[in-house]
Amino acid sequence: DQGKEYVGAILTSVERLGEQIESVLDLSQSEAGMLPLARDEIELFPLVTKLVEDRAQRIRDGGLSLDLRGDQGVGRISGDRRRLARAIGHVIDNAITATPQGGRILVELSGRKGHAQIVISDNGPGMDAATLARALDGLKLTADGKTVERRQGLGLPLARQLVEAHGGTLTLHSEPGQGTAAIIELP
């Protein structure tokens with residue numbers, strides 16, 4: 001039993017490491033303008049529903065509630081399913097991480113012809129203006145140009161670049177004590 005538990009932990013770690021490596025590669029390719037995107041027809045509501053379901057245990061473990069709103073009427077977009085799922089997943093993960101026990105997360109999808117919107121909001125601590133300004137930045141050269149500064153995580157910068165590669169936008173709205181709302185707009 002102990003061996004099975006140990007192997008399970010190793011496999012989980014390998015999966016997480018693989019995802020991190022893919023994220024760094026996608027971020028690097030995107031920053032270089034060389035990110036290849038597949039073009040498939042993607043039904044948005046089932047895609048987001050699956051992303052939420054995949055995180056259900058983490059949501060329960062964090063003592064959080066998540067409300068998913070929207071329906072099949074949100075429609076389809078043309079894009080790279082895997083990369084779009086990674087982008088939306090990173091934003092949901094960020095909301096889960098930022099929300100304290102007992103908190104709430106809302107994932108709301110809406111759409112009209114030629115346009116879809118996904119709003120992921122939480123009632124976490126929020127961010128001040130300086131933190132919000134840096135939240136979507138990835139790697140940056142220091143003023144002397146000799147070293148690279150890295151923000152705390154790569155999830156949001158990667159999400160922004162992946163959404164932009166699909167012709168969309170990712171914006172954040174936040175205030176200390178008021179939570180954060182991430183708004184993904186897709187054509």
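Helix H4, residues 81-98, has 18 residues that at 1.5 Å a residue should span 26 Å, and its end C-alpha atoms are 26 Å apart, so the expected and modelled lengths agree. The structure is a predicted model, and its chain comprises six helices and nine strands. Of the 187 residues in the chain, 39% are buried, and the accessible surface amounts to about 10800 Å², with 52% of that area belonging to carbon and sulfur atoms. When contacts between residues at least 6 apart in sequence are considered, 69% of them join residues at least 24 apart.

**Helix H4 and the nonpolar core**

- H4 is mostly covered, with 13 of its 18 residues buried, and at its start a side-chain oxygen of Asp80 comes to within 3.3 Å of the backbone nitrogen of Arg82.
- The largest nonpolar core holds 39 residues, of which Leu44, Ile88, Ile118 and Ile120 touch the most other members.
- At least two residues of this core are supplied by each of helix H2 (44-54), H4, strand S4 (104-112), strand S5 (115-122), H6, S8 and strand S9 (179-186).
- The element that gives the most to this core is H4, which contributes eight residues.
- In soluble globular proteins, nonpolar side chains tend to be buried together.
- Beyond its neighbours within four places in sequence, Ile88 is in contact with Leu47, Val48, Leu51, Ile118, Ile120 and Ile184.

**Leu44 in helix H2**

- Leu44 lies in helix H2, and with a relative accessible area of 0% it is buried, because the cut-off for that class is under 20%.
- Once neighbours within four places in sequence are set aside, the residues in contact with Leu44 are Val74, Gly75, Ile77, Leu84, Leu109, Ala116, Ile118 and Leu186.
- Leu44 and Gly111 are separated by 67 residues in sequence, while their C-alpha atoms are 9.7 Å apart in space.

**Ala116 in strand S5**

- Ala116 is found in strand S5, and its relative accessibility of 3% is the reason why Ala116 counts as buried.
- Apart from neighbours within four places in sequence, Ala116 is in contact with Leu44, Val74, Ser110, Gly111, Ile184, Glu185 and Leu186.
- Val74 also offers a distance for comparison along the chain, since the C-alpha atoms of Ala116 and Val74 are separated by 6.6 Å although the two residues are 42 apart in sequence.

**Strand S9 and its partners**

- All of S9 is covered, in that eight of its eight residues are buried.
- The cover extends to both faces of S9, with Gly179, Ala181, Ile183 and Glu185 buried on one side and Thr180, Ala182, Ile184 and Leu186 buried on the other.
- S5 pairs with S9 in the antiparallel sense over seven bridges, and within this pairing Thr180 in S9 is the bridge partner of Asp122.
- S8 is likewise joined to S9 by seven bridges, and these two strands run antiparallel, with Ser174 standing opposite Thr180 in S9.
- S8 and S9 form a hairpin that has three residues between the strands, and in the turn Gly177 has a positive phi of about 80 degrees.

**Helix H6 and the loop that follows**

- H6 is mostly covered, as eight of its 11 residues are buried, and these buried residues are Leu156, Pro157, Leu158, Ala159, Arg160, Gln161, Leu162 and Val163.
- Just after H6, Gly167 takes a positive phi of about 85 degrees.
- His166 lies in the loop between helix H6 (155-165) and strand S8 (169-175), and at 6% relative accessibility His166 counts as buried.
- A polar atom of the His166 side chain lies 2.9 Å from the backbone nitrogen of Asp80.
- With neighbours within four places in sequence left aside, His166 is in contact with Leu37, Arg39, Ser78, Gly79, Asp80, Arg83, Leu84, Leu186 and Pro187.

Technical notes. Residues numbered from 1 in each chain as written. Predicted model: local features only at pLDDT ≥ 70, side-chain atom pairs only at ≥ 80, totals over all residues. Heavy atoms only, no water. Helix = DSSP H or I, 4+ residues; strand = E, 2+ residues; numbered from the N terminus. Buried < 20%, exposed > 50% of the residue type's maximum accessible area, 1.4 Å probe, protein only. Polar contact = N/O pair within 3.5 Å; in protein donor to acceptor, adjacent residues only side chain to side chain. Contact = heavy atoms within 4.5 Å. Areas by Shrake-Rupley, 256 points an atom, 1.4 Å probe, with all protein chains shown as cover. Expected span 1.5 Å × (residues − 1). Core = buried A, V, L, I, M, F, W, Y, C linked by side-chain atoms within 4.5 Å. Pairing = 2+ DSSP bridges.
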